[in-house]
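Q: Please take a close look at the largest pocket of this model. I should like to follow what lines it and how its surroundings fit into the rest of the chain.

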Amino acid sequence: MRKKIIIAVAAVVLLCCTAALAVNGLDFLAFNSAENLVRPPKLSGIDGELQEAFEAAVEKKGEYILRYPTKGQYRSAYVRYDCDGDGNDEAFVFYSPKTEEMLVYMYMLNYSDSGWNAVGEVLGDGSDIYSVEFCDLNGDGISEVLVGWSSLDSKSNKKLSVYCSFKNSQSLNYKLLAIEAYTEMHTADLDEDGETEILLALIDSTSDTYKTEARLLKMMPDEKNGFQINAVGQTSLYSETASFMQITSGKSGDREYVYIDEAAGNLYLTEMLYWDSQKNALASAVKVDVLSVTSCPTSRSLDLVCTDIDGDGEIEIPGTALLADSSVVRQQEEAKEVLTASAENVYIVKWNKYDRGNFTVAAQYIENKDDYFKINYDPEKMKNWSVTFYPDTHLSQFSVLKESEDPGKPDESVLLFSVTAVKLDDTVSIGTYLMSGKTYKYIYEITDEGENAGITKQYITEIFSLTQ
């Protein structure tokens, strides 16, 4: 009887511990994840064969911990990719011996009819793996391996290792071609010669002078070693940049650009780089300096990044303009339960196309992020409009500045229409139904002044669109 009581108590304690971990946002089973086990759970099929081959190869090193890339397409400790296009994957396993937890090794294996065969391993240039990428840099049909290494003492400064893949006795082998410092990396055929280059963006805060720059690396033939990685271009970036949000590339007009989205305090901007074939150099399409950055067409007050906003295959660049006399008004409860209002700016978001020095607006709108909708902005019809968003009541008011007939009186703000977001299951009796989204349905009201100004349901429907 006593034994049964002890077992029952232990079960209750286990259930309580499991529940406590769940309440605190922790998965009880997460403590048995592959990263925390010395020997991870056995895999099956070809992955199981890979695991067995790897464990046999590193058995002499004893216990180990699998390590995982933190960014990019490949997030597994076991990365498989067909580098040479023969139909069989190559494998790259990232791990740390228990006796050397601050070191990361990359073990390489090839697959053939006889199974997985060990190729060898390299010691990484950091205490963690940032990313893994495969890219054919010289057009020979065999992908090089690009591994980004990071360290615990620096989240921005990383090291890129470029490993050249080559055939040797019917087996694929790897040779280290370059180790380069960088903060973020992007691969693209920037000079449009059919071969891919590596664009490295660097924020160097380790030297005496804070430095931001971009370098273009290219794989080139070398009589002695076969191939080498050379820096073929370099240019300075905005000197106040604190971080890179995104790097992407694509055509704009007839030229290939790399778009670097950057954050500098409360300001965000995009720098556009291209290959100047006449000067044989990496060049900036838009010059950005401290004195002129706020007037630069690629600078903005919102943390937006470049994208193909209209689906035409070309990248658009975001920009913002302050919408005068507009605000987001939130209620803040103070200790004495007195409500005070705090206001935020409202911006017109402009998406610009660029073509050799000319910016043209592809789309522009005013967005209500709290209520998941946006209003297409017409600079002619809406040039005197103002907007007030009240997130607490989900009310949005659209007004126009009416010129005073009395020179001694200020111009008057006149309400044209309002839109209210209500829960999908709410029954409302005030206003007219507009449309529904995933979270809210939207009710509108048009004032007499709005009707006189030509505001109709059809017009609101045309300019109104949902973001969720």
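A: The lining of the largest pocket, in this predicted model, is made up of 10 nonpolar, 6 polar and 3 charged residues. The space within this pocket comes to about 360 Å³. In total 19 residues line the largest pocket, and those closest to its centre are K71, G72, E133, E184 and M185. Three elements, β6 (128-135), β10 (184-188) and β14, each give two or more residues to this lining. Of these, β6 provides the largest share, with 5 residues.

K71, one of the residues closest to the centre of the pocket, deserves separate attention. K71 belongs to the loop between β1 (64-66) and β2 (78-81). Is K71 buried, partly exposed or exposed? Its relative accessible area is 36%, and K71 is therefore classed as partly exposed, since that class lies between the limits of 20% and 50%. Leaving aside residues up to four places away in sequence, K71 touches Y130, S131 and E184. Among these partners, E184 is itself one of the residues closest to the pocket centre. K71 and G148 are 77 residues apart along the chain, and their C-alpha atoms are separated by 9.5 Å.

Strand β14, which spans residues 243-252, contains T248. Is T248 buried or exposed? The relative accessible area of T248 is 17%, so this residue is buried, the limit being under 20%. When residues up to four places away in sequence are not counted, T248 touches H186, Y257, V258, Y259 and C306.

The second largest pocket may be described in the same manner. Its space amounts to about 270 Å³. There are 16 residues in its lining, and L302, V328, N345, E367 and K369 lie nearest its centre. Two or more lining residues come from each of β20 (327-333), β22 (347-355) and β23 (358-368). The element that gives the most to this lining is β23, with 4 residues. By character, the lining of the second largest pocket divides into 9 nonpolar, 2 polar and 5 charged residues.

From the pockets one may turn to the nonpolar cores. In soluble globular proteins, nonpolar side chains tend to be buried together. The largest nonpolar core here holds 27 residues, and the members that touch the most other members are W385, F389, F398, F417, Y442 and F464. At least two residues of this core come from each of β24 (373-376), β25 (385-390), β27 (412-423), β28 (432-436), β29 (440-446) and α4 (457-463). With 4 residues, β27 gives the most to this core. A separate, second core contains 18 residues, including F94, M108, V132 and L172.

The pairing of β27 adds to this picture. Strand β26, covering residues 395-402, pairs with β27 in the antiparallel sense over 8 bridges. Within this pairing, K402 has E412 in β27 as its bridge partner. β27 also runs antiparallel to β29, to which 7 bridges join it. One position in that pairing is V419, which stands opposite Y444 in β29.

A further set of paired strands includes β4, which covers residues 105-112. Of the 8 residues of β4, 6 are buried, and the strand is therefore largely enclosed by the rest of the structure. On one side of the pairing scheme, β3 (residues 90-97) and β4 are antiparallel and share 6 bridges. There, E90 has N110 in β4 as its bridge partner. β4 is also joined to β5 (residues 115-123) by 8 bridges, and these strands run antiparallel. In this case Y111 is the bridge partner of W116 in β5. The two strands β4 and β5 form a hairpin, with 2 residues between them.

Finally, these parts may be set against the chain as a whole. The chain contains 4 helices and 30 strands. Buried residues account for 43% of its 468 residues. Among contacts between residues at least 6 apart in sequence, 46% join residues at least 24 apart.

Key
Residues are numbered from 1 along each chain as its sequence is written. This is a predicted model: local features need pLDDT of at least 70, side-chain atom pairs count only at pLDDT 80 or more; totals for chains, interfaces and linings use all residues. Side-chain values use heavy atoms; hydrogens and water are left out. Buried means under 20% relative accessible area, exposed over 50%, partly exposed in between (1.4 Å probe, protein chains only). Contact means heavy atoms within 4.5 Å. A nonpolar core is a set of buried Ala, Val, Leu, Ile, Met, Phe, Trp, Tyr and Cys residues joined through side-chain atoms within 4.5 Å. On a 1 Å grid over the protein atoms alone, a cavity is a set of points where a 1.4 Å probe fits but cannot get out, and a pocket is an open set with protein on both sides within 12 Å along at least five of seven lines; lining residues have an atom within 4 Å of a point. Grid points are joined across faces, edges and corners, and a volume is the space filled by probe spheres set on the points. Ala, Val, Leu, Ile, Met, Phe, Trp, Tyr, Cys and Pro count as nonpolar, Asp, Glu, Lys and Arg as charged, and the others, Gly among them, as polar. Two strands pair if DSSP finds at least two bridges between them.
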